[in-house]
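Colleague: I am new to this model. Please take me through it, one question at a time.

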Amino acid sequence: MKCMFCKIVNREISSEIIYEDDKIMAFYDINPQAPVHVLVIPRKHIASIAELEEDDCAVMGHLMVKISELITSLGLAGRGVRIVNNCLAEAGQSVFHIHFHVLGGRFFTWPPG
Ligand code: 5GP
Ligand code: ZN
């Protein structure tokens, strides 16, 4: 069975997409943990950061630049964002397709729980 985020990429399940191109997609988290909570994913299925390979550099570099652009388009430039990747089970990863949480619109504490 294909993973949940591959289904979002293939539009087999709907989501509120705010950006997409040939390499990545960004959409709102279904269970937001902050006033702004966006997930940014590579279109390619890669289970976690622990599985990244050298060939993924272009996609992942592109993804980071698009997160930077999203900070501005989401109105968070000059304020702050918490960018989170939960990698593997002990870190709390529940969907095994790489995704970065981009959270903003409130203050965050450190260390995280
Ligand atoms: P993780 O726990 O793996 O770091 O994060 C998975 C995130 O995916 C969670 O914040 C969860 O709310 C979100 N999520 C799970 N299923 C869906 C879905 O079908 N649509 C959207 N938009 N978000 C989802
Ligand atoms: Zn996937």
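Modeller: The questions below cover the metal site and the nonpolar cores.

Modeller: This is a predicted model, where local features need pLDDT of at least 70, side-chain atom pairs count only at pLDDT 80 or more, and totals for chains, interfaces and linings use all residues. Residues are numbered from 1 along each chain as its sequence is written, chains are lettered from A and ligands numbered from 1 in the order in which they are written, and side-chain values use heavy atoms, leaving out hydrogens and water.

Colleague: What is the geometry of the site of the zinc ion (ligand 2)?

Modeller: Donors are N, O and S atoms within 2.8 Å of the metal (3.2 Å for Na, K and Ca); water is not among the atoms, so sites may look incomplete. Here Cys 3 (SG), Cys 6 (SG), His 45 (ND1) and His 97 (ND1) coordinate the zinc ion (ligand 2) at 2.0 to 2.3 Å. Four donors count as tetrahedral if all angles lie between 85 and 135 degrees. The angles are 106 to 115°, so the site is tetrahedral.

Colleague: Is Cys 3 buried or exposed?

Modeller: Buried means under 20% relative accessible area, exposed over 50%, partly exposed in between (1.4 Å probe, protein chains only). Cys 3 has a relative accessible area of 16%, so Cys 3 is buried.

Colleague: Which element gives the most to the largest nonpolar core?

Modeller: A nonpolar core is a set of buried Ala, Val, Leu, Ile, Met, Phe, Trp, Tyr and Cys residues joined through side-chain atoms within 4.5 Å. The largest has 16 residues. Helices (H or I, at least four residues) and strands (E, at least two) are DSSP runs, numbered from the N terminus. With five residues, the element that gives the most is helix 2.

Terms used
Four donors count as tetrahedral if all angles lie between 85 and 135 degrees; four count as square planar and six as octahedral if opposite donors are over 155 degrees apart and all others between 65 and 115; anything else is irregular.
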